[in-house]
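Let's take a walk through this fold, going from side chain to side chain. Pull up the viewer and follow along.

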Amino acid sequence: MKPEPRTTMGSSVIPFLKMNGLGNDFVIFDGREDPVRLSNVQIAAIGDRARGIGFDQMIIVEKSALGVDAFMRIYNRDGGQVDACGNATRCIGRLLMEESGTDRVTIETNAGLLSAYATDDETRVTVDMGAPKFDWQDIPLAEEFRDTRAIELQIGPIDDPVLHSPAVVNVGNPHAIFWVDDDIENYDLERFGPLLENHPIFPERANISLARITGENEIQLKVWERGVGLTRACGTAACAVAAAAARKKLTSRHVTVTLPGGPLVLDWREDDDHLLMTGDTELEFEGTIDLETLSWSRDEQGAA
């Protein structure tokens, strides 16, 4: 999966890949042979869309201590490390399957082991995201709520809130989902998102989503991702909304979730409660970056 090195041993210039899953984009480093260590300041600078390469998450692929195909370390644009990213798992799964010539790989993350599977389309990948968590301690919340299908939280006047009663779910990351009946674009998520992400009820912050049922087993979704902001797609949010909708009996366990970047297909299996997510991946380009100066260059021949 690693581009051919174009530097001498000991150089601060290393290769990277730029990929995306439905527009949720990643800068990927291969740290399996030579460890890649970056400060929060460096990560934020690389993620800056005006002056750096730009990304939603930065991924470092490392050797797995458990002996599976790889360990995936995930950083948000603000430099903070997070435990899971569904779209990144699909992208890394594609790279590892292409490298090994297999149709299934297992990826270690801070959220546990995730399996990725090939499909009939070489750019589409299915990933098993495991079982969602619904107990208030597991999300986590700062206080007890027995029913996490709708907790007491709102934006706006108490007698006429703009948003209220979100479902909360943990799918590797904490998520809060506000259901709306009208056009999602009627709500200023860019303004509400930071307030809700950092609300005291979420001790580890949370990803904030607006969701609307648009048809039988069809959901429209828009996401404010903690440490990132508005994003074109968020795989764990799609998993969270699929589980939340089924719990509220708004849909079945098989749904299509459409984000600004495109659709994801979700299956919440009954036998083991695992969520399977399927969607497209794209390798945008290869490049190199100097970790001392953070100057970078794009290899146009590496695009796919």
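Start with Arg 146, which counts as exposed because its relative accessible area is 82%. Its side chain meets that of Glu 144 in a salt bridge, at 3.9 Å from N to O. Keep in mind that this is a predicted model.

That bridge has company: a search of the whole structure turns up 22 salt bridges. Take Lys 18 and Glu 284, whose closest N and O atoms are 3.8 Å apart. This pair links distant parts of the chain, with Lys 18 in strand β1 (residues 13-21) and Glu 284 in strand β19 (residues 282-290), 266 residues apart. Lys 18 counts as buried, because its relative accessibility is 5% and the cut-off for buried is under 20%.

Now look at Asp 56 and Arg 77, which form a salt bridge with 2.9 Å between the closest N and O atoms. Asp 56 lies in the loop between α1 (40-47) and β3 (57-62), and Arg 77 in the loop between β4 (70-76) and β5 (81-82), so the bridge ties together parts 21 residues apart in sequence. Asp 56 is buried at 3% relative accessibility, whereas Arg 77, at 21%, is partly exposed. Zoom out a bit and salt bridges with shared partners join Lys 18, Asp 25, Arg 49, Asp 56, Arg 77 and Glu 284 into one network.

Asp 56 also brings us to Asn 24, since Asn 24 touches Asp 56 along with others, including Met 19, Gln 57, Cys 85 and Thr 231. Asn 24 sits in strand β2 (residues 24-30) and is buried, with a relative accessible area of 0%. Its side chain has a polar contact of 3.0 Å with the side chain of Asn 87.

Next, the rings. There are five aromatic pairs in the structure. Phe 16 and Phe 285 have ring centres 6.1 Å apart and planes at 80°, so this pair is edge-to-face. Once more strands β1 and β19 are involved: Phe 16 is in the former and Phe 285 in the latter, 269 residues apart. Both rings belong to buried residues, with Phe 16 at 1% relative accessibility and Phe 285 at 5%. Phe 285 pairs with Trp 296 as well, this time stacked, at 6.2 Å centre to centre and 15° between the planes. Trp 296 is in strand β20 (residues 296-299), eleven residues from Phe 285, and is partly exposed at 33%. Ring pairs link Phe 16, Phe 29, Phe 285 and Trp 296 into a cluster.

Rings can host charges too. Arg 247 lies over the face of Phe 134, 4.0 Å from the ring centre, and Arg 253 lies over the face of Trp 268 at 3.9 Å.

Finally, the nonpolar interior. In soluble globular proteins, nonpolar side chains tend to be buried together. Here the largest nonpolar core has 33 residues, and those touching the most other members are Met 129, Leu 221, Val 257, Leu 259, Leu 266 and Leu 275. Elements giving it two or more residues include β14 (218-225), α4 (235-247) and β16 (254-259); α4 provides the largest share, ten residues. Beyond its sequence neighbours, Leu 221 is in contact with several residues, among them Ile 184, Ala 237, Val 241, Val 257 and Leu 259. Apart from this core lies another, of 23 residues, including Phe 26, Leu 96, Val 105 and Ala 116.

Terms used: Residues numbered from 1 in each chain as written. Predicted model: local features only at pLDDT ≥ 70, side-chain atom pairs only at ≥ 80, totals over all residues. Heavy atoms only, no water. Core = buried A, V, L, I, M, F, W, Y, C linked by side-chain atoms within 4.5 Å. Buried < 20%, exposed > 50% of the residue type's maximum accessible area, 1.4 Å probe, protein only. Helix = DSSP H or I, 4+ residues; strand = E, 2+ residues; numbered from the N terminus. Contact = heavy atoms within 4.5 Å. Salt bridge = Lys/Arg side-chain N within 4 Å of Asp/Glu carboxyl O. Polar contact = N/O pair within 3.5 Å; in protein donor to acceptor, adjacent residues only side chain to side chain. Phe/Tyr/Trp six-rings, centres within 6.5 Å; stacked < 30°, edge-to-face > 60°. Lys NZ or Arg CZ within 6 Å of the ring centre and 35° of its normal. Lists of a residue's contacts leave out its neighbours within four places in sequence.
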